[in-house]
Amino acid sequence: MLPPLGALRVFEAAARLASFSRAADELHVTHAAVSHQMRQLEDWFGRPLFLREKRGVSLAPDAERLAEALSASFERIAAEAEALKLRTKSEITVACIPSIATRWLIPALGDFLAAHPDITVKVIYATAAQRLRETGCDVLITLGADKSDGVLCERLFSRVNRPVASPRYLERKDGLNNAEAIAGADLLHDETTRHWQDWFAKAGLQLAAPRGPVFQDFNLLATAAIAGHGVALCPVEVCRREIANGDLVVLSEISVLEGEGYFLISKASRQKAVSAFCAWFKDVVDPRSGF
C-alpha cells in the first residue's frame, strides 16, 4: 500500500530544501498546507519524519533513505515526462518562395506558433521551378501549380500583374495615367523585359526593347519600386498590403499573366500538423481576414 502520493511530493520538497516555507514557495501552496500534508504523512507512517526546531525543521535520520528515493524517482519521472513531451511535438518544413515568405508567411508566423506550441516550423527557400517531391518538404508555397499524383494543390493568389509605382516617383513623374506616358517612364523588370513587352502589346503599343534595370528576384524589384526608382509590373494580390498602405500605386487596370497563380502545395495524405498549417495560412492570405 502506497502512502498519500501528494504528501510524498511535499515531503520530498521539504526534505530537499530543509524548510517548510521554501517547500511551500516551490510548490505554490501555503505553509499551513505543507504542515498539514506532513502531519498526514507522519500519521500514515506512525512516526515523525522531521525534527521541529526553533530555526526550522530537519529531516529525521530514519527518513533520509525515503527522501533520497523520492528525489531520484521524481527526477527520473521529470526526465521521462520531458522526453515524452518532446516526442509528441510535430515538426514541419515549409519551402516558400521569397516574395510570399517576406510579405505573408514570416510576418504572420508568430500567430501560428503561439496557437500551436506543439508544432515546430522550419522555413526554407524555394524556387518557382521546384515541385513538392523535389524539395522533400511537407509544404511548398510557390508560383505555379504542382500536378503530380498524390499532391494537394490550393490556389492562394492570382499572378495578375499591373504597373505600379511609389508616390515619391509619381511626384517626379506626374501624369502616368496611360500606356503612352508609362512608356516614357523608368521601367523596372523582373528577370526579363518580356513581361513589359507583353503589357505594352496588350495596351496597343509596340516596344521592341523596353529599357531599364532587370532584377533577378521579385523582392529586389519591389524594393526598387517602393524606393521610387521607376514603374514595375507587380502581382497586385501579392502586393495587396503595399498597395493598401499607399507604398505602391496601381497606374492602370491593363494586366498580364492573368492565367497564372501562387499555390499552397502539400501531400494529399498529410499529417495533422500540416493540415493545421495549411488551414491557417489560407486564412492569413484570405482578403477577408484583414491581416
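Over residues 3-60 of this predicted model, the chain is 62% helix and 14% strand, and the C-alpha atoms at the two ends of the stretch are 18 Å apart. These residues, 3-60, are listed by UniProt, in an unreviewed entry, under the name "domain: HTH lysR-type". Within helix α1, which covers residues 5-17, E12 and R9 lie three residues apart, a spacing of about one turn of the helix. The two side chains form a salt bridge, in which the closest N and O atoms are 2.9 Å apart. With a side-chain nitrogen of Lys or Arg required to lie within 4 Å of a carboxyl oxygen of Asp or Glu, the count of salt bridges comes to 13.

The chain is divided into three parts, namely domain 1 (5-86), domain 2, which is made of two segments (90-157 + 260-285), and domain 3 (161-250). Between the C-alpha centres of domain 1 and domain 2 there is a distance of 49 Å.

An open sheet of five strands, with mixed pairing, follows the order β9-β8-β10-β7-β11. The edges of the sheet are occupied by β9 (214-215) and β11 (249-250), each of which has a single partner strand, so one side of each is left without a neighbour in the sheet. In general, the strands of a sheet pair through backbone hydrogen bonds, and the pairing is either parallel or antiparallel. Strand β7, formed by residues 161-165, runs antiparallel to β11, and two bridges join this pair. At this pairing, A165 stands opposite V249, a residue of β11.

The largest pocket has a volume of about 470 Å³, and its lining is made up of 26 residues, among which L143, D190, E191, Q216 and F218 lie nearest the centre of the pocket. By residue type, the lining divides into 14 nonpolar, eight polar and four charged residues. Domain 2 (90-157 + 260-285) and domain 3 (161-250) each contribute at least three residues to the lining of the largest pocket. In terms of secondary structure, at least two lining residues are supplied by each of the helices α5 (98-115), α9 (194-202) and α10 (218-226), and likewise by each of the strands β8 (187-190) and β10 (231-235). Both of these strands, β8 and β10, also belong to the five-stranded sheet described above.

Key: Residues numbered from 1 in each chain as written. Predicted model: local features only at pLDDT ≥ 70, side-chain atom pairs only at ≥ 80, totals over all residues. Heavy atoms only, no water. Pairing = 2+ DSSP bridges. Helix = DSSP H or I, 4+ residues; strand = E, 2+ residues; numbered from the N terminus. 1 Å grid on protein atoms, 1.4 Å probe; cavity = no way out; pocket = protein on both sides within 12 Å on 5 of 7 lines; lining within 4 Å. Points joined across faces, edges and corners; volume = space filled by probe spheres on them. Nonpolar A, V, L, I, M, F, W, Y, C, P; charged D, E, K, R; others polar. Domains from an automatic or database assignment. UniProt positions renumbered as here; feature names shortened; annotations may be inferred.
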